[in-house]
Amino acid sequence: MTLLHLEALPPRTTKGTIVRLLTQVGEIDKQRIGTIEMRGREASVEVPDSWASRLVRALDGTSLDNRNIRAWHEFVAGGSEDEDHFCRLIRLLEMEGEAEAAQLLQAQQRLSSADAEKAGTTLVNLSLQDQQAGLGGRVLVTLAKGGGATLPWTRLGIGSPVLLSEQEADDSWRGVVSRRASRSIEVALSQPLPESEASGKYRLDLSSDEVARQRQRTALERARATSGDRLAQLRRVLLGDVKPSFAEKSEAEVPASLNESQQQAVALASCAEDIAMIHGPPGTGKTTTVVEVIRQAVSRDEKVMACAPSNMAVDNLFEKLLAAGSSVVRLGHPARVMPELRAHTLDLMVDDHDDMRLARKLTREAYQLFDRAARYTRAKPVPGERQAMREEAKQLLADARRLERQVVQQILDGADVLCATLTGMASELIAQRSFDLLVIDEACQTTEPACWIPMSRCERVVLAGDHCQLPPTVISREAVKQGFAVSMFERLVEQHGKQAAHLLSVQYRMNAAIMDFSSQQFYDGSLVADKSVQDHLLSELPDIAETELTTRPVEFIDTAGAGYDEELEPDGESRRNQGEARLICRKVNELIEAGLSESAIAVIAPYAAQVRLLKEMLKAERLEVDTVDGFQGREKEAVLISLVRSNGEGQIGFLADVRRMNVALTRARRKLLVVGDSATISSHLFYQELLDYFEGIGAYRTVWEEPEPI
């Protein structure tokens with residue numbers, strides 16, 4: 001027997017209701033149903049192994065008392081290669097979950113409040129500044145430091161799951177960061193904060209997302225156990241058992257605004273009968289190409305699900321789909337969506353629908369009846385009157401829920417494209433919808449389990465990304481050793497190669513001198529700079545003075561022998577380099593003096609301690625300073641990079657992840673300036689070749705050439 005799990009059940013669901021659901025919707029004989037265990041709004045049912053998959057297909061997303069339920073089953077132990085693959089992913093997913101939980105616990109228990117804040121996972125000594133009603137029934141809480149102090153560098157960004165707690169009390173509330181400014185942070189909660197009875201000081205901690213992890217596990221178990229459906233067929237292709245197949249060349253017209261490489265990628269994706277991949281190096285217009293793939297599918301009357309690992313990546317795709325005129329709806333917590341796009345989120349579209357006025361009216365009337373039924377009266381009520389009020393109130397609430405569900409389904413039915421994060425796909429919302437095409441943008445930024453969540457709902461899949469840039473973030477070192485940081489995109493490129501993948505080769509961001517090293521190292525020299533950017537310089541921008549700094553696209557300043565030694569941050573675990581920081585600050589000031597806006601400049605460092613140091617020294621609100629991870633997918637006119645590492649042992653730490661450095665080196669449009677110690681970094685072949693490249697194009701010089709000592 002296999003254990004079938006049913007979740008998001010209506011309140012007061014009984015075992016009898018479960019039996020009727022299984023027999024009437026799942027069409028299983030009552031005699032085949034084993035033990036049923038109820039746990040609140042969840043149930044576990046023993047069913048025959050041969051029935052497990054078909055029951056999940058029949059029940060997942062089906063409606064029970066005006067609520068869409070979730071259904072999944074645990075897999076049956078076996079020995080096939082497919083099972084081995086999914087068992088391994090489940091084991092690594094659990095290993096990563098344990099490592100994440102241990103890291104958060106360590107930060108809360110071992111580190112002092114100050115050290116936890118330095119680590120970037122916590123903010124302490126926050127005061128409540130404002131509390132107001134937010135979108136979709138949420139409560140928006142604004143927190144800030146005393147005296148309007150600037151918030152320290154933090155990993156808590158928009159969309160981060162967080163735990164808000166009073167520092168001198170046990171109360172805590174789960175929420176999501178909805179906005180972050182230099183001096184305040186806003187958190188969306190499901191309920192208002194009570195008046196503080198303690199110090200009035202709050203603490204904000206990064207929290208794990210267990211709902212997302214459970215959805216990933218469920219998806220893996222479903223993919224492993226399914227048979228006789230489209231997911232089972234896709235599984236064979238995605239695991240390399242069957243080669244991907246392609247139809248004859250598509251006759252659809254592709255806009256002339258796309259270059260030849262982009263047009264070929266669109267054609268490949270349009271002809272794919274199961275899987276296709278678009279490999280988009282920096283600045284090559286990957287998302288623009290993906291939007292055209294979606295537009296072509298919609299023109300064929302197809303329904304599309306468009307996903308990405310992060311809310312930022314989803315919003316980027318969502319914004320371009322809206323600009324292209326697509327009928328698109330954004331799923332997910334409104335607080336995680338960019339403010340200018342929130343009007344197109346499902347929550348707000350539902351709230352604005354005419355039928356919701358009646359639903360809200362019915363809800364108000366229901367609670368008024370509940371209140372009247374519970375209220376004490378001097379006169380003795382008519383027998384059964386209070387019970388009748390309660391029953392009428394329940395019926396009014398049921399009618400309101402039905403109206404809301406109808407509005408949701410009406411909006412979803414009217415959309416050609418639904419956008420969501422990979423882990424934001426919920427069966428109780430999507431119901432039993434299926435899609436002709438699934439598109440996963442930035443597919444290299446997520447571990448494989450998340451990609452399997454939407455797979456069960458689609459006929460074809462297009463993955464877009466660049467496995468030569470940042471890999472998925474994985475905390476567990478053991479899980480990394482066992483391959484958990486290898487994305488599905490990277491694995492499929494290795495398996496199917498050029499047959500199913502197309503490289504976009506024309507980039508529209510970087511001066512050719514900035515582009516060439518990455519092109520040689522990561523893309524077999526195949527990248528070409530478009531004529532519009534090939535030779536562009538800072539000095540060509542309006543009101544920018546012609547100086548040595550603005551007329552040269554690439555510079556490397558070598559600090560070897562200058563005594564710019566790295567150091568551990570006091571009371572911290574991250575590294576910094578004060579000499580490099582002073583030099584970076586000088587160059588930033590020179591760029592500003594030449595006329596370049598602060599907002600056109602970015603400073604990147606691999607270590608959080610160096611980021612914090614640079615922020616303190618620069619004190620420029622419009623100038624962005626961040627780690628490499630914070631800049632993937634971004635660009636600036638000028639980018640300055642502090643490599644930090646400078647020691648006698650040639651230890652380079654994080655710099656050994658050359659894909660991370662590929663991201664840093666490809667963020668600049670017109671000016672790239674790198675500061676580092678050649679004696680330290682040249683111990684690694686990649687950096688020796690980078691130094692050789694700098695020398696070869698005349699970009700190398702030493703700190704000793706600076707007009708004044710630093």
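Biologist: In this predicted model, is the crossing of helix 8 and helix 9 left-handed or right-handed?
Modeller: The two helices span residues 286-299 and residues 311-323, and their axes come within 10 Å. The sense of the crossing of helix 8 and helix 9 is right-handed.

Biologist: Which word describes the orientation of helix 8 to helix 9?
Modeller: Two packed helices are described by the angle between their axes and the distance between the axes. For helix 8 and helix 9, the axes cross at roughly 55°. Angles of 65 to 115 degrees would count as roughly perpendicular and those under 35 degrees as roughly parallel. The crossing angle therefore makes helix 8, relative to helix 9, oblique.

Biologist: Which residues of helix 9 make the contact with helix 8?
Modeller: The axes of the two helices come within 10 Å. From helix 8, the contact is made by Thr-287, Thr-288, Val-290, Val-291 and Ile-294. Their counterparts in helix 9 are Asn-316, Leu-317, Lys-320 and Leu-321.

Biologist: Is Ser-326 buried or exposed?
Modeller: Ser-326 is placed in the loop between helix 9 and strand 15. Its C-alpha is 8.6 Å from that of Ala-415, although 89 residues separate the two in sequence. The cut-off for burial is under 20% relative accessible area. Because the value for Ser-326 is 17%, this residue counts as buried.

Biologist: What span does helix 18 reach from its first C-alpha to its last?
Modeller: Helix 18 covers residues 578-593, which gives 16 residues. At 1.5 Å a residue, 22 Å is expected. The span in the model is close to that, at 23 Å.

Biologist: Which residue offers a side-chain oxygen at the start of helix 18?
Modeller: The backbone nitrogen of Gly-579 has a side-chain oxygen within 3.2 Å. Gly-579 is itself among the buried residues of helix 18, together with others including Glu-580, Arg-586 and Lys-587. The oxygen at the start of the helix belongs to Asn-577.

Biologist: What phi does Gly-595 take just after helix 18?
Modeller: Gly-595 follows helix 18, which covers residues 578-593. The phi of Gly-595 is positive, at about 110°.

Biologist: Which helix is included in what covers the buried residues of helix 18?
Modeller: The buried residues of helix 18 include Leu-583, Ile-584, Val-588 and Leu-591. Their cover includes strand 22, strand 25, strand 27, strand 28 and strand 29. It also includes a helix at residues 608-618, helix 19.

Biologist: With which side chain does the side chain of Glu-555 make a polar contact?
Modeller: Glu-555 is found in strand 22 and counts as buried, at 1% relative accessibility. Beyond its neighbours within four places in sequence, the residues in contact with Glu-555 include Glu-548, Leu-673 and Arg-701. The polar contact, at 2.4 Å, is with the side chain of Lys-671.

Biologist: Is Glu-621 buried or exposed?
Modeller: Glu-621 lies in the loop between helix 19 and strand 26. Leaving aside neighbours within four places in sequence, Glu-621 is in contact with Ser-182, Arg-183 and Glu-598. A residue counts as exposed at over 50% relative accessible area. Because Glu-621 has 59%, its class is exposed.

Biologist: Which residue's backbone oxygen does the side chain of Arg-457 reach?
Modeller: Arg-457 is in the loop between helix 14 and strand 18. With a relative accessible area of 9%, Arg-457 is buried. At 3.1 Å its side chain reaches the backbone oxygen of Arg-433.

Biologist: What phi does Asn-125 have?
Modeller: Most residues other than glycine have a negative phi. Asn-125 is found in strand 7 and is partly exposed at 40% relative accessibility. Although Asn-125 is not a glycine, its phi is positive, at about 55°.

Biologist: What distance separates the C-alpha atoms of Ala-43 and Ala-8?
Modeller: Ala-43 lies in strand 3, whereas Ala-8 is in the loop between strand 1 and helix 1. Ala-43 is buried at 1% relative accessible area, and Ala-8 is buried at 17%. Ala-8 also has a positive phi, near 60°. The two residues are 35 residues apart along the chain, and their C-alpha atoms are separated by 9.4 Å.

Technical notes. Residues are numbered from 1 along each chain as its sequence is written. This is a predicted model: local features need pLDDT of at least 70, side-chain atom pairs count only at pLDDT 80 or more; totals for chains, interfaces and linings use all residues. Side-chain values use heavy atoms; hydrogens and water are left out. Helices (H or I, at least four residues) and strands (E, at least two) are DSSP runs, numbered from the N terminus. The expected span of a helix is 1.5 Å times one less than its number of residues. Buried means under 20% relative accessible area, exposed over 50%, partly exposed in between (1.4 Å probe, protein chains only). Contact means heavy atoms within 4.5 Å. A polar contact is a pair of N or O atoms within 3.5 Å; within protein, one must be able to donate a hydrogen and the other to accept it, and residues adjacent in sequence count only if both atoms are side-chain atoms. Axes are lines fitted to C-alpha atoms, for helices over the stretch in contact, and angles run from 0 to 180 degrees between N-to-C directions. Angles under 35 degrees count as roughly parallel, over 145 as roughly antiparallel, 65 to 115 as roughly perpendicular and the rest as oblique. A crossing is left-handed if the near helix is turned anticlockwise from the far one by less than a right angle, and right-handed if clockwise.
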